[in-house]
Amino acid sequence: MKRRLKAIFYSFAVQLVLLHFKKFQILLIFWFALFGAVSGNFMASFGVDSLYLSPEYLGSVNAVSAGIVGISIGIFIMSWNITTFILFCRHFRFLATTTRPFLKYCINNAVIPIIFLAYYFFHAVDFDLHKELLSLPEVLTLAGGFLIGFILIVFLSFGYFFGADITIARNMISLNTGPMALHKGVKPHIVLNSGGSRLIKVTTYLSGRLNVKAVRDVTHYSKEFLESIFSRHHFAAVLSIFIAFVFLMLVGFLLDYEMFQLPAAASITIFFAILVSVAGAFSYFLQSWSVPFAVVLIIVLNVLYRFGVIDPTNKAYGLNYGKEIKKAEYSAEQLAKLGSPDRIAHDSAAMIEVLENWKRRQALEKPRLFIINVSGGGTRSATFTMGVMQKLDSLCGGQLMRKTFMITGASGGMLGAAYFRALSRERDLGKPVRLQDPIYVDDISKDLLNPTFSSFVARDLAAPAQKFKVGDYEYVKDRAYSFEQQLNKNTRLLLDKELSALKTEEKQALIPTMIFNSVITRDGRKMLISTHPLSFLMKPAGDPALQLAGDPDAVDFAALLEKQDPMNLRLLTALRMNATFPYVLPNVWLPTEPVIDVMDAGLRDNYGIETAVRFIHVFRDWIRDNTSGVTFLQIKDRQGGGWEYPFESQAVSEIVTKPLLLLQLNWYKMQQYNQQDQLGMVSDLLPGQFSRISFQYLPEKEEMKAALNFHLTQREKLDILHALDNQINAKGFQEFSQSSINSGN
């Protein structure tokens, strides 16, 4: 038994696994990422597990999409084999004496890939059965497609290397000059360091037919002969990696054509394959100089960025970034001018005109003013918002958008609200739109994550810059562009407009005013985007002596960028700036001096309450005189009160990290607590004239809650729709129905 265990321990397969962990741990990072992605432990909040376990291609999850992912994982495994073969083969010189040495290496290096494939299939079957609600035959079809793709790429790869083996063998016959003296030969076992201590020893290996064979003595081969064989294998291996990189570049160029929009999991995995080869090249050629070289490379890239040679920043599509236009000044003095008393008075008068237009469209002399507040929360919030607004519209006889004056909020909720508003306007114009049709919920719940991640890999990282135009201005295509294009497609092209196309309709109150928020990362101020001038929202209303003089906490986007053609901004871009999910979408850089960038509105106000409360405070007198009061329709994608995901310490390490993570984990809860204070003050401003009706997405089971990202599984979609009928929401709909009757429906 002891001898058998010793033989297993010194087998090539086992020693290769140990060598990976001992020598080149950096290459294992990619395996950890794949295992984590499949299990849902890596980037779970971004929905990466669904990209792998339920891949989409051309809008469908089928055998073809699974087959493409199978091909990509096959490419990754072969890239990993190729890279480690280059790094390790000189230490395993007996391979050079075998036929098809690369095949032998791959067979013995298959322990980690086989474990991963088994792990992948276990999670994929479970995910597709219980979350995507697929039938067993459908799951087996996906598994079959994956295996066909995987086996195809493996056979093609080995066919390529078999051809290389034959060529190498023919060319190497003349180089074998016969046996060398024993002291110049090399030993059959492996010695990894120059000092001579035996670190890893191999006595057996698996052959091409999976038979156990003893390692041959190679002392009678010249070192030059063995080195030449490996060098020629290296060339064949590097050529295959280069082909993969060129393929990814081509995909990036052709991404506008739907058939080249590969499943995101495939793009990510192919990119991992390239990174594995790059990491291996660093280790192989630079060895101990790898880290210094990486540091120098980062410094060089920083210098090139600072001097404008390279520019990876994303732009707001529609704005003028041309050098012929002076950049907007972003300073305390300039913001003070934008928020001057004269300007505030002028902009307030313009907004009162809009309020008067809204009032004239109502059935009562003193109508109820409705403001819709929607929360962030990715596609789950967009879907829940659409479902709630459909039901509200039905309860008030199709008059929801007529009764609503303003919509504010963050991220996904604004996507759903904007789509509903566009559909409502189409109906008002006589188009055949039935607003309660569930097809529109299906539209807004469609995947946005797959094209975004695919573009990130194929465009942002691999392909050279490609350009597109909005009006007269040119921009670089990146993952933000792909996100907007997919959102545009999902919403039937109804959001493909510039702000200027909405200005008249909002001014005449034919559609509710939407205020898009984002957060300036430089100082935390809120960026307010609207077709209306909004200087009156740049700082709290009230006694100026109680505020920082001339230092507003919000900025009117159109006023700040007056010379940069702000009304040419795409509505899709305004929505994206409002929903810049960290890392998934890039921050948006604006043409200011100094340069500022903005990110997701949820960082400052995830529920849309802050902007709405300030609006009511500013126009409280008009509201008292002209309406019967204000009702907030608050649509949230999470439970209030802080009972959801409490921060509990489960380990000693968490006690250490708790002070650092406390703010992050309780960020949205603290916003809720603060906004409860704000709502209380509004109630005092409008005694007896203010109310709030709340709608919340609460999952039927906590473990089945929809993820906060831009992708939903079928079970998550059903869970969101079922949440419309829970007790809290049923009560909210009843309150709205009564309020709607009293307000003149």
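**Reading the contacts, rings and cores**

Me: What links Lys526, Asp553, Arg604, Glu610 and Arg614?

Reply: These five residues are joined in a network of salt bridges. Keep in mind that the model is predicted.

Me: What makes Glu610 and Arg604 a salt bridge?

Reply: Their closest N and O atoms are 3.2 Å apart. The cut-off is within 4 Å, so the pair qualifies. Both Glu610 and Arg604 are buried. The structure holds 21 salt bridges.

Me: Why does Arg380 with Asp637 count as a salt bridge?

Reply: The closest N and O atoms of Arg380 and Asp637 are 2.7 Å apart. That is within 4 Å, so the name fits. The pair links distant parts of the chain, 257 residues apart. Arg380 sits in helix α14 (residues 378-395), and Asp637 in the loop between β15 (629-636) and α25 (652-665). Both residues are buried.

Me: How do you know that Lys391 and Asp725 meet in a salt bridge?

Reply: The N to O distance between their side chains is 3.1 Å. The limit is 4 Å, so the pair passes. Lys391 lies in helix α14 and Asp725 in the loop between α27 (714-723) and α28 (727-742), so parts that are 334 residues apart in sequence are tied together.

Me: Why do Lys391 and Asp725 get their exposure labels?

Reply: Lys391 has 32% relative accessibility. That falls between 20% and 50%, so Lys391 counts as partly exposed. Asp725 has 52%. Exposed means over 50%, so Asp725 counts as exposed.

Me: Now the rings. What makes the pair of Phe35 and Tyr119 tilted?

Reply: The structure holds 28 aromatic pairs. In this one, the centres are 5.2 Å apart and the planes are at 55 degrees. A pair needs centres within 6.5 Å, and stacked means under 30 degrees while edge-to-face means over 60, so this pair is tilted. Phe35 lies in helix α3 (residues 25-39) and Tyr119 in helix α7 (residues 111-130), so the pair ties together parts 84 residues apart in sequence.

Me: Why is the pair of Tyr419 and Tyr440 called edge-to-face?

Reply: Their ring centres are 6.3 Å apart, and their planes are at 80 degrees. The angle is over 60, so the pair is edge-to-face. Tyr419 lies in helix α16 (residues 411-428) and Tyr440 in helix α17 (residues 439-444), so the pair ties together parts 21 residues apart in sequence.

Me: Why are Tyr419 and Tyr440 called buried or exposed?

Reply: Tyr419 has 0% relative accessibility. Tyr440 has 7%. Buried means under 20%, so Tyr419 counts as buried, and so does Tyr440.

Me: What makes Ser424 buried or exposed?

Reply: Its relative accessibility is 2%. That is under 20%, so Ser424 counts as buried. Ser424 is found in helix α16.

Me: Why is Leu58 called partly exposed?

Reply: Its relative accessible area is 45%. That lies between 20% and 50%, so the label holds. Leu58, Tyr257 and Met259 make a nonpolar surface patch of about 350 Å².

Me: Which members touch the most others in the largest nonpolar core?

Reply: They are Trp31, Tyr120, Leu400, Met527 and Leu590, out of 141 residues. Helix α5 gives the largest share, 12 residues. A second, separate core has 30 residues, including Ile371 and Phe536.

Terms used
Residues numbered from 1 in each chain as written. Predicted model: local features only at pLDDT ≥ 70, side-chain atom pairs only at ≥ 80, totals over all residues. Heavy atoms only, no water. Patch = residues over 30% accessible without salt bridge, like charges linked within 9 Å, V, L, I, M, F, W, Y side chains within 5 Å. Areas by Shrake-Rupley, 256 points an atom, 1.4 Å probe, with all protein chains shown as cover. Buried < 20%, exposed > 50% of the residue type's maximum accessible area, 1.4 Å probe, protein only. Core = buried A, V, L, I, M, F, W, Y, C linked by side-chain atoms within 4.5 Å. Helix = DSSP H or I, 4+ residues; strand = E, 2+ residues; numbered from the N terminus. Phe/Tyr/Trp six-rings, centres within 6.5 Å; stacked < 30°, edge-to-face > 60°.
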